[in-house]
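Trainee: Could you walk me through this structure? I am new to it.

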Amino acid sequence: MAVLVLSVLILSCFSAIPFTYADSGMIGVNYGRIADNLPAPEKVVELLKSQGINRVKLFDTDKTVLTALANSGIKVVVSLPNENLTAAAADQSYTDNWVQENVKKYTPATDIEAIAVGNEVFVDPKNTTKYLVAAMTNIRSSLVKFGLDESVKVSSPIALSALANSYPPSAGSFKPDLIEPVIKPMLDLLRKTSSHLMVNAYPFFAYAANADKIPLDYALFKENAGNVDNGNGLRYDSLFDAQIDAVFAAMAAVGFGDVKLTVTETGWPSAGDENEIGAGAANAAAYNGGLVKRVLTGNGTPLKPKDPLNVYLFALFNENLKTGPTSERNYGLFYPNEAKVYDVPLFSTSATVAPVSDSKAKVLPVNKPSSSSHVGQTWCVANGKTTKEKLQEALDYACGEGGADCRPIQKGAACYDPESLEAHASYAFNSYYQKNARGVGTCDFGGSAYVVSQPPKYGKCEFPTGH
Ligand SMILES: *[C@@H]1O[C@H](CO)[C@@H](O)[C@H](O)[C@H]1NC(C)=O
Ligand SMILES: *[C@@H]1O[C@H](CO)[C@@H](O)[C@H](O)[C@H]1NC(C)=O
């Protein structure tokens, strides 16, 4: 994956002064779809375009998504799901058919540039690690067969937990039991095919588990004292850089220091459970804003200063059907209604794409965010897709213990009409949300509610807002 075209523009935090860059990396976004309330793929493609996002990573090869992405100018990484890995490893006629039906059929209209074979396979509870390299090899052979091997790369995203050691970065090493069976053969394949190792790296996890030892500013790309690696004397200003260099060091330690790397997932949740230290909208805004600026303006990492960073943010949307802790449902840059989750102007609103064809510094145009009469105002509404029982329970909580002002939804009062559970719950949730100063986590109700940036419309009812 060569360096490319600048897709994402950010505003300077302090002013409208354009910044310059030399060798810039690229930013893409993961378009995860574990949700029942996302916009149709065609609308999502419009959203991506309007934000100047021209790289996207999918977790499958969904037909409607790949069709919507046709002729969009957006480059796409598709994935072969873990559940299909064993079949892909067993039989090249399977991968021939898979490549035919899920890749070839859509190219060249849809610009598929890589296949992620599985995702974090080493930590999948249904462990298919021993099939991974065979599956990648078969996919690669099928691409060769269809003449797609020049345009479509093959790799597999690994979690940072593939490392036995990541601190200090220079001491990075892979888990010993993974090295011979899978790491070395995989890196060998990547080297032979000029492909990148795909790495999912979340400084958030390291911070949340070691908040007493890791300064938050170091995790969030803010000014901080930095950290000197006592192994090689290199200085680190961010945990992200330290994590990536730990992977480079681990690759070098097994003889593959020349293989390049793409960060296929990174992000920071805008909300989390009480024990998820650091989760929150302000931190998510700082992390993602800082990262985008870092990638577009900076060089590579201290170990590989000349290699531009290639990063896919996780994720495009909050995904309401993800299981696990609250953070899992709150990694999105956007709510399902396409409102931004936090205010930091991460992306330009009317993107101008600045091609980077050489290494000369160029000046990025900086756009003002679009203004509307509701800028900065948000409301909380019920998620009509949750069950009646859940909604009723949440409504009862909001009006009871929660202390929401539910008088307007009583019979005869101004917001009794329309008389629907969703409308009444929305009123109550919004009242609770505004009362709590729109704090992080105050518009969730176990997934029964979400934030919107347009005034809710339920009959003639006026929903209060805080400002
Ligand atoms: C992938 O695996 C799932 C689950 O076993 C199966 O339903 C699906 O048909 C498989 N896809 C292909 C292309 O084989
Ligand atoms: C999966 O299998 C590999 C070896 O094939 C092993 O090293 C690894 O620890 C296993 N992971 C899990 C989650 O069981």
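Trainee: Where do the contacts in the protein chain fall along the sequence?

Mentor: Of the contacts with a separation of 6 or more, 72% are between residues 24 or more positions apart; contact means heavy atoms within 4.5 Å. Please note that this is a predicted model, in which local features need pLDDT of at least 70, side-chain atom pairs count only at pLDDT 80 or more, and totals for chains, interfaces and linings use all residues. Residues are numbered from 1 along each chain as its sequence is written, chains are lettered from A and ligands numbered from 1 in the order in which they are written, and side-chain values use heavy atoms, with hydrogens and water left out.

Trainee: How many helices and strands are there?

Mentor: The protein chain has 12 helices and 19 strands. These are DSSP runs, numbered from the N terminus: helices are H or I with at least four residues, strands are E with at least two.

Trainee: And what share of the residues is buried?

Mentor: Of the 467 residues in the protein chain, 53% count as buried. Buried means under 20% relative accessible area, exposed over 50%, and partly exposed in between, using a 1.4 Å probe and protein chains only.

Trainee: Which residues have the most contacts inside the largest nonpolar core?

Mentor: They are V117, F174, L187, L197 and F429, in a core of 130 residues. A nonpolar core is a set of buried Ala, Val, Leu, Ile, Met, Phe, Trp, Tyr and Cys residues joined through side-chain atoms within 4.5 Å. This core draws at least three residues from each of domain 1 (2-16 + 373-452) and domain 2 (25-329), with bounds that come from an automatic or database domain assignment. A second, separate core has 6 residues, including M26, A114, A116 and M198.

Trainee: What does F174 touch?

Mentor: Leaving out residues up to four places away in sequence, F174 touches I158, A162, L163, A164, I179, I183, L187, A250, M251 and V254.

Trainee: Now the second largest pocket: what is its volume?

Mentor: Its volume is about 1200 Å³. On a 1 Å grid over the protein atoms alone, a pocket is an open set of points where a 1.4 Å probe fits, with protein on both sides within 12 Å along at least five of seven lines, and lining residues have an atom within 4 Å of a point. Grid points are joined across faces, edges and corners, and the volume is the space filled by probe spheres set on the points.

Trainee: Which residues lie nearest its centre?

Mentor: E120, A159, N200, Y202 and F205 do, out of 45 lining residues. The elements giving two or more residues to this lining are α7 (203-209), β12 (227-228) and α9 (239-253). The largest share, 3 residues, comes from α9.

Trainee: Is E120 buried, partly exposed or exposed?

Mentor: E120 counts as partly exposed, because its relative accessibility is 23%. E120 is in the loop between β6 (111-117) and α5 (132-145), and has a positive phi of about 45° although it is not a glycine.

Trainee: What about S194, buried or exposed?

Mentor: S194 is exposed, with a relative accessible area of 53%. S194 has a positive phi of about 50°, again without being a glycine.

Trainee: Which peptide bonds are cis?

Mentor: The bond from F314 to A315 is cis, with omega near 5°, and so is the bond from D417 to P418, with omega near -5°. P418 is in the loop between α11 (388-399) and α12 (421-435).
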